[in-house]
Amino acid sequence: MRGRVLIIAGSDSGGGAGIQADIKTVTALGGYAMTAITALTAQNTKGVSAIHEVPAEFVTEQIAQVMTDIGADAIKIGMLGNAEVVGAVAKALEELAPGVPVVLDPVMVAKGGAALLARAAETALRDKLIGRAALLTPNVPEAEVLAGERIAKPHDLERLGRRLLYMGAGAVLMKGGHMQGAEVVDVLVTENHVERFSGPRVDTRHTHGTGCTLASACAVGVAQGLGLHDAVKRAWAYVQRAIETAPGYGQGHGPLNHGHSIPD
């Protein structure tokens, strides 16, 4: 049940999100993590100070080296940065991983507000990768950009989820953390089913990397052969506990406790 997960995403020097959070999550849930790094960020819990993009051809080479040797049971995509990298990843998936399920987290903005996806790349992401996703995991602002509509009330999560489903995603997990309320509600939308995952909102500023962590937790579940419902259910519970037991590091948006499921 180990599960090989190739993570295509950016690096977070603070360790709370991006590749670092992805590797921790996949490992904590028993999977084997591999990476293709798309960008280097200089950041901490207070924000991103600089971004160094990795050339598209080098991103492709990383993917090729992993897929032609170790292989993958699932692929998780996070920060891509620019349209050239989006196109390179789409082409690499078509050529090197045609049957591998993809969990796509359409990372656009960091927790502190820094842009992590160029505006010109939004169209490329919409046109080239949404249709490749077995599971798309947008938060409210990301869903609004991709669907071109606003989310004003909880019911809109399902409506926009269906819109993104019609745009080609195999399934959509709409993350409701940006909505107001005592509970956090995420909505899983598939062609024939809608399911809500909810829990009490934790009063904390230590939520850096929740989106990366949830998507990677879903991806490792898929890689391990879990059905989509079971993969999302386990991932949701894992993230909720990781928030509840966050270590409290940093002066800003601190990281989660990714290792809570690993015995001391």
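Contact here means heavy atoms within 4.5 Å. Helices (H or I, at least four residues) and strands (E, at least two) are DSSP runs, numbered from the N terminus.

This is a predicted model: local features need pLDDT of at least 70, side-chain atom pairs count only at pLDDT 80 or more, and totals for chains, interfaces and linings use all residues. Residues are numbered from 1 along each chain as its sequence is written, and side-chain values use heavy atoms, with hydrogens and water left out.

**Stop 1: strand E4**

Select residues 74–77, strand E4. Ala74 and Lys76 point one way, Ile75 and Ile77 the other. In a regular strand the side chains alternate between the two faces of the sheet. All four E4 residues named here are buried (under 20% relative accessible area; exposed is over 50%, partly exposed in between; 1.4 Å probe, protein chains only).

**Stop 2: the neighbours of E4**

Add strand E1, residues 4–12. E1 and E4 pair in the parallel sense over four bridges; pairing takes at least two bridges found by DSSP. Look for valine 5 opposite alanine 74. Now add strand E5, residues 102–104, which pairs with E4 over three bridges, again parallel. Here valine 102 is the bridge partner of isoleucine 75.

Next, trace the chain from E4 through helix H3 (residues 83–96) to E5. This β-α-β crossover is right-handed: with the strands pointing away from the viewer, the path from the first strand over the helix to the second runs clockwise.

**Stop 3: helix H5**

Select residues 140–147. Six of the eight residues of H5 are buried, so the helix is largely enclosed by the rest of the structure. Val140, Glu142, Ala143, Glu144, Leu146 and Ala147 are the buried ones. What covers them includes helix H4 (119–128), helix H6 (155–166) and strand E7 (172–174). End at glycine 148, just after H5, with its positive phi of about 75°.
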